[in-house]
Each structure stands twice: as C-alpha cells, then as structure tokens.
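Subject: Structure handover

Hello,

Here is the structure I said I would pass on. Please open it before reading the rest, and keep it beside this email as you go.

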Amino acid sequence: MSRAGADSFWESDEAVERFTDREPDARLLELLDGHSDAGQVRVLDIGCAAGRNTVMLAERGFDVLAIDGSEAMVARTRERVARVLGSDEANRRVVRGGMEDLSPFADASVHLLVALGVLHQATSESQWTGAIREMSRCAAPDAMLLVAVWSPRSRPHGESIRRVSGEEHVYEGFHSGTHYLVEAPLLDSELGSAGFTPVVPTEEVLVETEKGWRVTINGLYRRTRS
C-alpha cells in the first residue's frame, strides 16, 4: 500500500469504528492500578487512534494528553473525551500531529508516555529516531514509557513482507502501508540511547490473525538519564 493509501486507511470510517470498539490496553490498566493521585500524573497517549486509552485515562482522572496524525481519529477521540471532560478540555487535550513532532508538549512535562502500536508506523529512520528523540524530550525524570511495536517476523496477512530497497528496517507488504520494524534488542538499544532503561525484560507476544500472525514486542521503560 502506498503512503497515500495508508493515510486513507486511517481516515476511513471503517478504521475509526474498528479502533473505537477496542478495549483499553491491559498492560496500561495494570500499570495504572494503585495510583491515588491520578490528577497529578500527566499521561501522553501518542498515536491515540480513536481514544480507547485516552478516554479511560480521562475517566480515571489522569491529566491526559493525546496526539494522532489522523484527523478522523482525533475527531472521534475528542468526541469521546468531551463526554467526560467537556468540549473545551477535549479540544485542548487532544491534538493532531505526528509522533516525530511533539512540540505541543513541554520539555520534561510528562510522567507516563504511552506508545502502543505507534513507533512501527514510522516510514523512515528519520521519523523513527525523531519520535524517540521527542519522547525523550517530553519525559520528566523517572517518567515511564509503555511501548508495543511489531517485529519484522510478523505476517499479519499470511504473506511475506519485503524490506524496502536501501532501507535497513523499513518493510512493505502490509495493508496499512510501510513500517519500520525492529527486534527487542535493537528497541532496547535505541531507547537506551535516549535515556530509557527497561523496568522489566522486554518480551514478545505472537498473536494469530485471520490469515497469519503478528509478533509484537512489548516493553516498559523508565527515564533514568537526560
């Protein structure tokens, strides 16, 4: 799929409804358990899609912010957050933008960054490294970073994916466009260079899809140095 085709996918009614129906992430829910001072914890949901995690965070009283590159996804997330916090707050907290440009958010201001299914949406090394650099800039000291990315061993459509010529980690053959795919050791290394240290060993999960499978790399990191 071309970049234009991928963009069209994320703006489609089908995609918006599909992501609206998703439940909040189980790892995130576990991480949030026990917070008695939710209002003092600023959470940035990067690539919020239709707001499955953003809405839950708002309902639980966290100081939630969110960003997504899709106009349709931002509109749906704002609509859902407005039911909890009102339209003005929804418009302030949910913005449109790319993961490599988190300029709406101040330096060292975020206590928990959520980047689930986001980094692998990068289509170039510059976008990938830019996203990591921006997450590091926004993270407060001791901030947590929850990550999930696809491995290059994924075959969600049952077909082989192909590395793009001249690119070490960019692959094509996905219905959602080209993706930047890495394995766990490189993910740890790249995030380590940006000041994030694993809290628990980074792990992989294999999930069967309708026609194939997806290998997801799950990581939890803490901001330990600038």
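Below is what was found in this structure, taken topic by topic. Please keep in mind that the model is predicted.

The cores

A good place to start is the inside. In general, nonpolar side chains in soluble globular proteins tend to be buried together. Here the largest nonpolar core has 34 residues. Which residues have the most contacts inside it? They are Leu113, Leu119, Met135 and Leu187. Several elements give two or more residues to this core: the strands β1 (42-46), β2 (63-68), β4, β5 (139-150) and β11, and the helices α7 (125-138) and α8 (184-193).

Leu119 is a useful residue to select on screen. Apart from neighbours within four places in sequence, Leu119 is in contact with Met99, Trp128, Ala131, Ile132, Met135, Val147, Val149, Tyr180 and Leu187. Two of these partners, Met135 and Leu187, are also in the list of residues with the most contacts inside the core.

There is also a second, separate core. It has 17 residues, among them Val41, Ala58, Val114 and Leu220.

Helix α4

Next, look at α4 (52-59). Six of its eight residues are buried, so the helix is largely enclosed by the rest of the structure. The buried ones are Asn53, Thr54, Val55, Met56, Leu57 and Ala58. One of them, Ala58, also belongs to the second core. What covers the buried residues of α4? The cover includes the helices α3 and α5 (71-85), together with the strands β1, β2, β3 and β4. After α4 comes Gly61, which has a positive phi, near 90°.

Two alanines with positive phi

Most residues other than glycine have a negative phi. Ala49 and Ala108 are worth checking with that in mind. Ala49 has a positive phi, near 55°. Ala49 sits in the loop between β1 and α4, and Ala49 is buried, with a relative accessible area of 11%. For Ala108 phi is also positive, about 50°. Ala108 belongs to the loop between β3 and β4. Is Ala108 buried or partly exposed? Ala108 counts as partly exposed, because its relative accessibility is 42% and that class runs from 20% to 50%.

The loop between β3 (94-96) and β4 (110-116) also holds Pro104. Pro104 is partly exposed as well, with a relative accessible area of 49%. Along the sequence, Pro104 and Leu65 are 39 residues apart, while their C-alpha atoms are 9.9 Å apart in space.

The cysteines

A disulfide is a covalent bond between the sulfur atoms of two cysteines. How many disulfides are counted here? The count is zero. Cys48 is in no disulfide, and the nearest cysteine sulfur, that of Cys138, is 15 Å away. Cys138 is likewise in no disulfide. The cut-off for a disulfide is a pair of sulfur atoms within 2.5 Å, so a separation of 15 Å does not qualify. Cys48 is buried at 4% relative accessibility, and Cys138 is buried at 0%.

The second largest pocket

The second largest pocket has a volume of about 160 Å³. Its lining is made up of Arg27, Glu30, Leu31, Leu146, Val200, Pro201, Thr202, Glu203, Asn218, Gly219 and Leu220. By class, that gives five nonpolar, three polar and three charged residues. Helix α3 (26-32) and strand β11 (213-223) each supply at least two residues of the lining. Leu220 is in this lining and is also part of the second core.

Some distances to try

Finally, here are two pairs you can use to practise with the distance tool. Glu79 lies in helix α5 and is partly exposed, at 40% relative accessibility. Glu79 and Ala90 are 11 residues apart in sequence and 7.5 Å apart in space, C-alpha to C-alpha. The other pair joins Glu79 to Gln121, a residue in the loop between β4 and α7. Gln121 is buried, with a relative accessible area of 17%. The C-alpha atoms of Gln121 and Glu79 are separated by 24 Å, with their positions 42 residues apart along the chain.

Regards

Technical notes: Residues are numbered from 1 along each chain as its sequence is written. This is a predicted model: local features need pLDDT of at least 70, side-chain atom pairs count only at pLDDT 80 or more; totals for chains, interfaces and linings use all residues. Side-chain values use heavy atoms; hydrogens and water are left out. On a 1 Å grid over the protein atoms alone, a cavity is a set of points where a 1.4 Å probe fits but cannot get out, and a pocket is an open set with protein on both sides within 12 Å along at least five of seven lines; lining residues have an atom within 4 Å of a point. Grid points are joined across faces, edges and corners, and a volume is the space filled by probe spheres set on the points. Helices (H or I, at least four residues) and strands (E, at least two) are DSSP runs, numbered from the N terminus. Ala, Val, Leu, Ile, Met, Phe, Trp, Tyr, Cys and Pro count as nonpolar, Asp, Glu, Lys and Arg as charged, and the others, Gly among them, as polar. Buried means under 20% relative accessible area, exposed over 50%, partly exposed in between (1.4 Å probe, protein chains only). A nonpolar core is a set of buried Ala, Val, Leu, Ile, Met, Phe, Trp, Tyr and Cys residues joined through side-chain atoms within 4.5 Å. Contact means heavy atoms within 4.5 Å.
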